[in-house]
Amino acid sequence: IMTTAGGVLFFGDDAESFEALDAKSGKPLWHFNTGQSFSASPMTYAVDGKQYVAIAAGSDIFSFALP
């Protein structure tokens, strides 16, 4: 599980989905079905001022830009 400074909680669930929740309310914000089990915790990084969140699932790494 990882929480950003903006209050978004990210995690991989047992149904092989990468999930984002509002950290205060617990309200679901977004999900992405990877179809694979997770092999690492989520991480975040920035490139040219744009923040990204990534997670390793199976033999793949999924990365998504944050608004």
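In this predicted model, the side chain of T34 has a polar atom 2.9 Å from the backbone oxygen of E16. T34 itself sits in the loop that connects β4 (28-33) with β5 (43-47). With a relative accessible area of 11%, T34 is buried, because the cut-off for that class is under 20%. Setting aside residues up to four places away in sequence, T34 touches E16, S17, F18, A57 and F62.

The partner residue E16 belongs to another loop, the one between β2 and β3. Its relative accessibility is 30%, so E16 counts as partly exposed. The backbone of E16 has a phi near 70°, which is a positive value in a residue other than glycine. Most residues other than glycine have a negative phi. D48 shows a positive phi as well, near 50°, and is likewise a residue other than glycine. D48 is located in the loop between β5 and β6 (50-57). At a relative accessible area of 83%, D48 is exposed, because that class begins over 50%.

F18, one of the residues touched by T34, leads on to the aromatic side chains. Eight aromatic pairs are counted in the model. A pair of aromatic rings is described by the distance of the centres and the angle of the planes. For F18 and F64 the centres are 6.1 Å apart and the planes make an angle of 35°, a tilted pair. This pair links distant parts of the chain, 46 residues apart: F18 is in strand β3 (residues 17-22) and F64 is in strand β7 (residues 60-65). Both F18 and F64 are buried.

The rings of Y45 and Y52 give a stacked pair, because their planes are at 15° and their centres 5.3 Å apart, and planes under 30 degrees apart count as stacked. Y45 has a relative accessibility of 32% and is therefore partly exposed. Y52, at 24%, is also partly exposed. Whereas F18 and F64 are buried, the two tyrosines thus fall in the class between 20% and 50%.

Ring pairs also join several residues into a cluster, made up of F10, F18, W30, F32, F62 and F64. Two of its members, F18 and F62, are among the residues that T34 touches.

Y45 is part of strand β5, and it also contributes to a feature of the surface. Together with M43 and V47, Y45 forms a nonpolar patch there, and the three residues have about 250 Å² of accessible area together.

F11 lies in strand β2 (residues 8-12). Apart from its neighbours within four places in sequence, F11 is in contact with I1, S17, F18, E19, L21 and P42. Among these contacts of F11 are S17 and F18, which T34 touches too. The C-alpha atoms of F11 and A46 are 19 Å apart in space, and the two residues are 35 residues apart in sequence.

What does the neighbourhood of F18 contain, taken together? F18 is touched by T34, is in contact with F11 and forms a tilted pair with F64. F18 is also a member of the cluster linked by ring pairs.

Key: Residues are numbered from 1 along each chain as its sequence is written. This is a predicted model: local features need pLDDT of at least 70, side-chain atom pairs count only at pLDDT 80 or more; totals for chains, interfaces and linings use all residues. Side-chain values use heavy atoms; hydrogens and water are left out. Helices (H or I, at least four residues) and strands (E, at least two) are DSSP runs, numbered from the N terminus. Buried means under 20% relative accessible area, exposed over 50%, partly exposed in between (1.4 Å probe, protein chains only). A polar contact is a pair of N or O atoms within 3.5 Å; within protein, one must be able to donate a hydrogen and the other to accept it, and residues adjacent in sequence count only if both atoms are side-chain atoms. Contact means heavy atoms within 4.5 Å. Patches are made of residues with over 30% relative accessible area and no salt bridge: like charges are joined within 9 Å, nonpolar side chains (Val, Leu, Ile, Met, Phe, Trp, Tyr) within 5 Å. Accessible areas come from the Shrake-Rupley method with a 1.4 Å probe; for residues, only the protein chains shown count as cover. A salt bridge is a side-chain nitrogen of Lys or Arg within 4 Å of a carboxyl oxygen of Asp or Glu. Rings of Phe, Tyr and Trp (its six-membered ring) pair if their centres lie within 6.5 Å; planes under 30 degrees apart count as stacked, over 60 as edge-to-face and the rest as tilted.
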